[in-house]
Amino acid sequence: MNTEFKNITKFFYPETLCLVGASTKEKSIGYELLKSIKTFGYKGTVLPVNPKAKKVLGYKCYNTISDIKIKIDLAIIVVRKEFVEASIDELLNKNVSSIILITAGFKETGKEGEEAEKRILKKIKNHNVRLVGPNCMGIINTLERTKLNATFVAEKPETGSIGFLSQSGALGAAVLNSLRETNIKFAHFISVGNKADINENDILEFWHKDKNIKVLTFYLESFENGIGFLKIYTEQRNQKPVIILKAGKTKSGMKAASSHTGALSSNNKIVDSLLKQFGIIRTENLNELFNTAKGFEYFPLPKGNKIAVVTNAGGPAILAVDKLDEKKLQLAKFGNQTKKALRKIVHPEGSINNPVDLLPGGSAETYKKVNKVLLKDKNVDAVISIFVEPVMVNAFEVIETVNSIKSAKPIYQVCMPLPEFWMKYKNESTTKTPIFKQPEEPAEIISNILLFQKNKKRNKNLTGKIKISKTIDITADKRYLNQPEVSKLCKKYKLPIVNQLLLTEKEIKTKREFNFPLAVKGISEKVIHKTEINAVKLNVKNKKELLDAVKEIKTSFKQNGFEVENYLLQPFIKTKHELLIGGIRDNSFGPIIMFGSGGKYVEVFEDTAIRSAYLTDSEIDEMITETKIGKILQGVRNEKSVDIIGLRKVLKYVTKMIIENTEILELDINPLIVDEENKLYAVDVRIKVKK
């Protein structure tokens, strides 16, 4: 194991633990954290440091860190902010390689705190040390080998196989405080606080290697380095389900962009699209986050999207079906054998169609028989079994009886019982299989699991299949490429750029031969959207119309405070459809590609699909088909399909261009025209670059 991961291992599996700032004062963090370590049953050696105490909670206390003579695997600092840097210096002198800094008052408080955090980070980097925090609430490892609860939360978590990272200490505490109610069980918990050093990328990599972790869950308010987070996916190393609750949906996180692509790409759109692309599950709330984790941990994984619903009440079943439809899951169509078997079990006034209605009198034995019949149907991939407790049937008996069914297909039970059921189930259930409280929840779980399943079959990405040398020679810090540079780059990447002439007004007046009809465009590096200032003239049929067009464009430029640099002359193409292909280099997630409806109304229609440029051939097809224009391009109402193979190639080569040329900040092909013969032409390409 390399040094980096060895140091991270010591956060979760330390054999010796030093608590700097241990306290004898009850209710202080230094006391309560040590109490948590003791009462949870930590298996290693505890080394508290307090200059004014000989013992704390029965542990021998050291006056200084230097007094400790044995090797320290993990140090936890809870001293006041003014003593933090001196404590870290002492720990570095003792060659401690893993430090948790609980203390707050750093980057989150302003410039002074930020400078202190930078000094600490510089110290630890110089010594090859890893740091969790500052401003965090610690770490938990429930596994028997370690049994470490190094937090100041009173709850005692039970052992499971989930890893949970929380960027918010308070939210992490809220989750831990609700464990008895939610029945969530962890293997590891970590609060990363300010993420000065250790962040979600480190833990993602570590948990993928740790055999004790089966499901990875994250609460994040920001991605420290999005492209780093996706690394295990672009390198095809992902094997475990990753579930994320990402806050801050309404914040752009991006500076205003000048291209159509940039204008349409908010940070949240990018996050949503990329997580889905790589099979990373994004949930709406904590309930869905941990329900999905339970779905992976406790149930067989569904192999498809055909779902059977069994119920004793109509309303909850309707809610379940609505959610199935919303999540693009299907109600299974039962075979004749299934219907015959159900008719023998279900009350004559009940329904043997999907959903199966057992009526309020449906007993535990009826539920068991019906579920077993449904599970045998080859058209059923999973069952949602809903029970609303009536006065004449006991909820506990129904739930436990269905729990006893052994099957390779999952049964997700929804129970809406009297309040006392939950405590009885927690204490007396022989299986303790998770039960869900709302009828919509199983559909969310199934949909999320199928997203992960689909991603596991993902093909190799396109990078490296076609290696093309860099073309751009950049002299300014940031600028748009001129037309000759754009043409050269587009030809290099086999993009269908139209033939064009770049001429001055004088050259147009003196040139004799033109192939009419033409499209004429005024060109200036300062003008981004030419149609907005009336600088595009179409279907110019002769020399007189050409000179008139030049005059009108020149006048329009002046009225808007610009000067025409050149005029771009292109063949006029009769347009059937206008498409947009764009790309941006996101500050966090790297190269992003976009496809959708183009033209001057692009921001109005917002008919676009976004992906990481590290995509597969099948994902290119998905980009096309998930847009409205993409469906039209494939032919509707007896229309002939466009050149879909050619469109795929254009998208593929644009991804190559933005991946291989790291200088590209933004690019827009808008419009990519589909003509009346369904051929593709790039008639307006803008590329913004940096040094």
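A strand here is a DSSP run of E of at least two residues, and strands are numbered from the N terminus. Keep that in mind for the first stop, and remember that you are looking at a predicted model.

**Stop 1: a cis proline inside a strand**

Select Pro 671, which lies in strand β28, residues 664-675. Now show the backbone and look at the bond leading into Pro 671: the peptide bond from Asn 670 to Pro 671 is cis, with omega near 5°.

There is another cis bond to visit. Jump to Phe 516 and Pro 517, where the peptide bond is cis with omega near 0°. Pro 517 sits in a loop, the one between α20 (505-510) and β22 (518-523).

**Stop 2: the sheet that β22 belongs to**

Stay where you are and colour β21, β24, β22 and β23. These four strands form an open sheet in just that order, with antiparallel pairing. At the edges you'll find β21 (501-503) and β23 (536-540); each has a single partner strand, so one side of each is left without a neighbour in the sheet. From one strand to the next, the twist averages 20°.

Zoom in on the pairing of β22 with β24 (residues 566-571): six bridges join the two, and they run antiparallel. To get your bearings, pick Ile 523 and look across to Asn 566 in β24, which stands opposite. Then add helix α21, residues 543-559. The helix lies across β22, β23 and β24, and runs at about 170° to β23.

**Stop 3: a small list to select, and a hole**

How many cavities of 30 Å³ or more does the structure hold? There is one. The space in the largest cavity comes to about 40 Å³. To see what surrounds it, select Gln 483, Ile 497, Gln 500, Leu 568, Gln 570, Ala 682, Val 683, Asp 684 and Val 685, which line the largest cavity. Sorted by class, that lining has five nonpolar, three polar and one charged residues.

**Stop 4: the parallel sheet**

Head for the low residue numbers and select β2, β1, β5, β6 and β7. In that order, these five strands form an open sheet with parallel pairing. Which strands stand at the edges? They are β2 (45-49) and β7 (130-132); each has a single partner strand, so one side of each is left without a neighbour in the sheet. Ignoring direction, neighbouring strands of this sheet are turned by 20° against each other on average.

For a close-up, go to β6 (residues 98-101) and β7, which run parallel and are joined by three bridges. Ile 100 has Val 132 in β7 as its bridge partner. Next, bring in helix α3, residues 84-93. Packed on the sheet, α3 touches β1 (16-20), β5 (74-77) and β6, and its direction makes about 170° with that of β5.

**Stop 5: two loop residues with positive phi**

Now check some backbone angles. Asn 183 has a positive phi of about 60°, although it is not a glycine. You'll find Asn 183 in the loop between α6 (179-182) and β11 (186-191). Is Asn 183 buried or exposed? Neither label fits: Asn 183 is partly exposed, with a relative accessible area of 24%, because buried means under 20% and exposed over 50%.

Move on to Gln 236, which also has a positive phi of about 60° without being a glycine. Gln 236 lies in the loop between α9 (231-234) and β13 (242-246).

**Stop 6: the largest pocket**

Turn on a surface. The largest pocket holds about 1300 Å³ of space and is lined by 37 residues. Centre your view on Lys 276, Lys 327, Lys 328, Ser 447 and Leu 451, which lie nearest the pocket's centre. By class, the lining has seven nonpolar, 12 polar and 18 charged residues.

Which elements supply at least two residues each of this lining? Select α11 (267-277), β14 (281-282), α13 (314-326), α18 (441-456), β27 and α23 (617-625). Of these, α18 gives the most, with seven residues.

**Stop 7: along β27**

Finish with β27, which contributes to that lining. Strand β27 covers residues 608-612, and five of its five residues are buried. Turn the strand over to check both faces: Thr 608, Ile 610 and Ser 612 are buried on one side, and Ala 609 and Arg 611 on the other. Then add β26 (residues 590-597), which pairs with β27 in the antiparallel sense over five bridges. Your last pick is Gly 596, standing opposite Thr 608 in β27.

Conventions. Residues are numbered from 1 along each chain as its sequence is written. This is a predicted model: local features need pLDDT of at least 70, side-chain atom pairs count only at pLDDT 80 or more; totals for chains, interfaces and linings use all residues. Side-chain values use heavy atoms; hydrogens and water are left out. Buried means under 20% relative accessible area, exposed over 50%, partly exposed in between (1.4 Å probe, protein chains only). Two strands pair if DSSP finds at least two bridges between them. Axes are lines fitted to C-alpha atoms, for helices over the stretch in contact, and angles run from 0 to 180 degrees between N-to-C directions. Contact means heavy atoms within 4.5 Å. On a 1 Å grid over the protein atoms alone, a cavity is a set of points where a 1.4 Å probe fits but cannot get out, and a pocket is an open set with protein on both sides within 12 Å along at least five of seven lines; lining residues have an atom within 4 Å of a point. Grid points are joined across faces, edges and corners, and a volume is the space filled by probe spheres set on the points. Ala, Val, Leu, Ile, Met, Phe, Trp, Tyr, Cys and Pro count as nonpolar, Asp, Glu, Lys and Arg as charged, and the others, Gly among them, as polar.
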